[in-house]
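Welcome to my notebook. I opened a new structure today and jotted down what I looked up, one stop at a time.

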Amino acid sequence: MADKLPNDLTKFIEANMPMMNQLGFGGVMGYCSGMAFRKVGKAVGVVIGLGFMGTQAAAASGYINVDWEKVKGDAIKPLDMNKDGKVDEKDAQEIWNRYNAMMTQRLPSAGGFAAGFLLGARR
């Protein structure tokens, strides 16, 4: 089977086999989820960036008025888990804890999910 795989894929599998064996099913699912998170995050970033640029250009040209303080407050609300008015590491930890609990619920070999997710998100 290895002779039918593209050379780059074979090299990747050989280089990462020790890590894959340790992570197990939960780790592989975490890795795939991390890769998806990274890809979707980039797309969301592009959409938000383009939206901001268009809105700011319209505001600078005098077509619309934007209350950026209100926009900021409304954008922060869903991410401010402890309701202290700011998004900080405590909020990020709570978001991660909720996400991790949801993704590992009833997952066999869930212990490797977090490590796999982080590996997939950073590659």
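**Entry 1: Lys 83.** I started with Lys 83, which is exposed because its relative accessible area is 64%, and the cut-off for exposed is over 50%. I should say right away that this is a predicted model. I then looked for the place of Lys 83 and found it in the loop between helix H2 (68-76) and H3. Its backbone caught my eye too: Lys 83 is not a glycine, yet it has a positive phi of about 55 degrees.

**Entry 2: the whole chain.** Next I stepped back for an overview. I counted four helices and zero strands in the protein chain. Read from the N terminus on, the elements run α-α-α-α. Of the 123 residues in the protein chain, 16% are buried. I also looked up the surface: the chain exposes about 9100 Å², and 64% of that comes from carbon and sulfur atoms. Then I turned to contacts with a separation of 6 or more, and 52% of them join residues 24 or more positions apart.

**Entry 3: Asp 91.** From the loop I moved on to helix H3, where I found Asp 91. How far away is the nearest side chain of opposite charge? I found that it belongs to Lys 86 and is 7.9 Å away. Asp 91 has no salt bridge, although it is buried. A salt bridge would need a side-chain nitrogen of Lys or Arg within 4 Å of a carboxyl oxygen, so 7.9 Å does not qualify. Leaving out residues up to four places away in sequence, I noted that Asp 91 touches Leu 79, Asp 80, Met 81, Asn 82, Asp 84 and Lys 86.

**Entry 4: Tyr 99.** I stayed in helix H3 (residues 89-104), which also holds Tyr 99. Is Tyr 99 buried, exposed or partly exposed? Its relative accessibility is 23%, so Tyr 99 counts as partly exposed; buried would mean under 20%. With residues up to four places away in sequence set aside, Tyr 99 touches Ser 33, Phe 113 and Phe 117.

**Entry 5: helix H4.** Two of those partners, Phe 113 and Phe 117, led me to helix H4 (residues 113-122), where both are buried, along with Gly 116, Leu 119 and Gly 120. These buried residues lie on the same side of H4, because they cover an arc of only 165 degrees around the axis. I checked the face turned away from that buried side as well, and it carries the exposed residues Leu 118 and Arg 122.

Notes
Residues numbered from 1 in each chain as written. Predicted model: local features only at pLDDT ≥ 70, side-chain atom pairs only at ≥ 80, totals over all residues. Heavy atoms only, no water. Helix = DSSP H or I, 4+ residues; strand = E, 2+ residues; numbered from the N terminus. Buried < 20%, exposed > 50% of the residue type's maximum accessible area, 1.4 Å probe, protein only. Contact = heavy atoms within 4.5 Å. Areas by Shrake-Rupley, 256 points an atom, 1.4 Å probe, with all protein chains shown as cover. Lys, Arg positive; Asp, Glu negative; His and termini not counted. Arc of directions from axis to C-beta.
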